[in-house]
Amino acid sequence: TTVATSTSGTGAATTVDNSPATMTTTPVASTPTLPVIDLPQTEVGGASALINGVQVTATIGRENNELLVSVGPITARIWAVAADGGKVPLDADGRLRMMPGDSVTVDIDGFDPDTPVEVRLYSDPVLLGRSKVGSSGSLTASYEVPAKAETGNHTVVFVGTGKGQDVSLGLNVARSEEHT
C-alpha cells in the first residue's frame with residue numbers, strides 16, 4: 001500500500017550512538033511533505049517489514065513490557081516510556097499503547113553502520129524523527145508521540161538500509177487517552 005504523506009511534523013529524536021557512547025538530539029524541522037513510501041501491512045499487536053519492496057512477516061515476542069522484533073537483517077527491542085519516565089505496560093493485545101507526550105524507545109541492530117533511519121507514525125503520517133545508526137550498526141533512540149496523533153490504531157515505521165537492502169519495519173501501536 002502506498003500512502004500519501006502530507007504532514008508538518010515537529011519533535012525531537014534522542015539518539016545514542018553505542019560506538020562511541022555519545023548522545024545527540026536531532027530536532028525535526030517542520031516538513032510540509034514527506035516522501036511517499038510503501039508501508040508494511042501490520043495486524044493488531046503485530047509487526048512486519050518490506051525488504052526491497054517485498055512484504056516479510058516479522059517474528060515478535062514480548063518480555064518485560066518490551067517487544068522483541070526480528071525480521072530480515074533487523075532485530076529490535078521496542079518499548080514505550082510515559083511522559084513521567086516510567087515504562088508503559090503492553091496492552092491486552094500485546095502492543096504498545098501510548099498517550100501524547102509518551103515516547104516509543106528502540107534499541108535496533110542490523111541497519112547499515114553510519115546510515116540514516118527515519119521514524120514515522122501512520123495513519124495520519126507524522127515524522128517522529130531522524131537518527132543516524134552508529135558505526136557498530138546499532139541505534140538506540142526515543143521518539144515522542146505528538147499531541148496531534150488521533151486516538152486509535154497506528155503504525156510506527158522505521159525506514160533505513162540493512163545489509164544493503166531497503167528496509168521499512170512497521171509495528172502496530174495504539175494511541176489512547178490512558179495507559180492500560
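How many helices and how many strands does the protein chain have? It has zero helices and 16 strands. Keep in mind on this tour that the model is predicted.

**The whole chain**

Start with everything shown. The protein chain has 180 residues, and buried residues make up 49% of them. Switch on a surface if your viewer offers one. The accessible surface of the chain comes to about 7900 Å², and carbon and sulfur atoms account for 51% of that. Now think about how the chain meets itself. Taking contacts between residues at least 6 apart in sequence, 61% join residues at least 24 apart.

**The nonpolar core**

Next, select Val69, Ile78, Leu96, Phe111, Tyr143, Phe158 and Leu171. The largest nonpolar core has 37 residues, and these seven touch the most other members. In soluble globular proteins, nonpolar side chains tend to be buried together.

Keep leucine 171 and show what surrounds it. Beyond its neighbours within four places in sequence, leucine 171 is in contact with residues including Val69, Ile78 and Leu96, which are also on the list just selected. Other contacts of leucine 171 include Thr42, Gly46, Ile60, Leu67 and His154.

With Phe and Tyr side chains on display, you may want to look for paired rings. How many aromatic pairs does a search of the whole structure find? The search finds zero.

**Lysine 87 and its partners**

Select lysine 87 and tryptophan 79. The charged end of lysine 87 sits over the ring of tryptophan 79, 5.8 Å from the ring centre.

Now add glutamate 66. Its side chain meets that of lysine 87 in a salt bridge, at 2.6 Å from N to O. The pair links distant parts of the chain: glutamate 66 is in strand S8 (residues 66-71), while lysine 87 is in the loop between S9 and S10, 21 residues away. Are the two partners buried or exposed, or something in between? Glutamate 66 counts as buried, because its relative accessibility of 9% is under the 20% limit. Lysine 87, at 41%, counts as partly exposed.

**Two more salt bridges**

The structure has nine salt bridges in total. Select arginine 97 and aspartate 91 for another one; their closest N and O atoms are 2.9 Å apart. Both of these residues are buried.

Then go to glutamate 118 and arginine 120. They form a salt bridge with the closest N and O atoms 2.6 Å apart. Glutamate 118 is buried at 15% relative accessibility, and arginine 120 is buried at 1%. Elsewhere, salt bridges that share partners join Glu63, Glu66, Arg77 and Lys87 into one network. Select those four together to see it.

**Valine 88**

Move along to valine 88, in the loop between strand S9 (74-81) and strand S10 (96-98). Is this loop residue buried or exposed? Valine 88 is buried, with a relative accessible area of 2%.

Show what lies around valine 88. Apart from neighbours within four places in sequence, its contacts are Asn65, Ala80, Val81, Ala82, Arg97, Asp102 and His179. Draw a line to aspartate 102: the two residues are 14 apart in sequence, and their C-alpha atoms are 8.7 Å apart in space.

**Serine 103**

Step from aspartate 102 to serine 103, which lies in strand S11 (residues 103-109). Serine 103 is buried, with a relative accessible area of 16%. Leaving out neighbours within four places in sequence, serine 103 is in contact with Trp79, Ala80, Val81, Met98, Ser142, Tyr143, Glu144 and Val145. Ala80 and Val81 also appear among the contacts of valine 88.

**Two loops with positive phi**

Finish at two loops. Most residues other than glycine have a negative phi. Which sign does phi have at asparagine 52? It is positive, about 50°, although asparagine 52 is not a glycine. This residue is in the loop between strand S5 (47-51) and strand S6 (54-57). Asparagine 52 is partly exposed, with a relative accessible area of 46%.

Select lysine 163 last. Lysine 163 has a positive phi of about 55° and is not a glycine. The loop that holds lysine 163 runs between strand S15 (152-162) and strand S16 (165-175). Lysine 163 counts as exposed because its relative accessibility, 66%, is over 50%.

Key. Residues numbered from 1 in each chain as written. Predicted model: local features only at pLDDT ≥ 70, side-chain atom pairs only at ≥ 80, totals over all residues. Heavy atoms only, no water. Helix = DSSP H or I, 4+ residues; strand = E, 2+ residues; numbered from the N terminus. Buried < 20%, exposed > 50% of the residue type's maximum accessible area, 1.4 Å probe, protein only. Contact = heavy atoms within 4.5 Å. Areas by Shrake-Rupley, 256 points an atom, 1.4 Å probe, with all protein chains shown as cover. Phe/Tyr/Trp six-rings, centres within 6.5 Å; stacked < 30°, edge-to-face > 60°. Lys NZ or Arg CZ within 6 Å of the ring centre and 35° of its normal. Core = buried A, V, L, I, M, F, W, Y, C linked by side-chain atoms within 4.5 Å. Salt bridge = Lys/Arg side-chain N within 4 Å of Asp/Glu carboxyl O.
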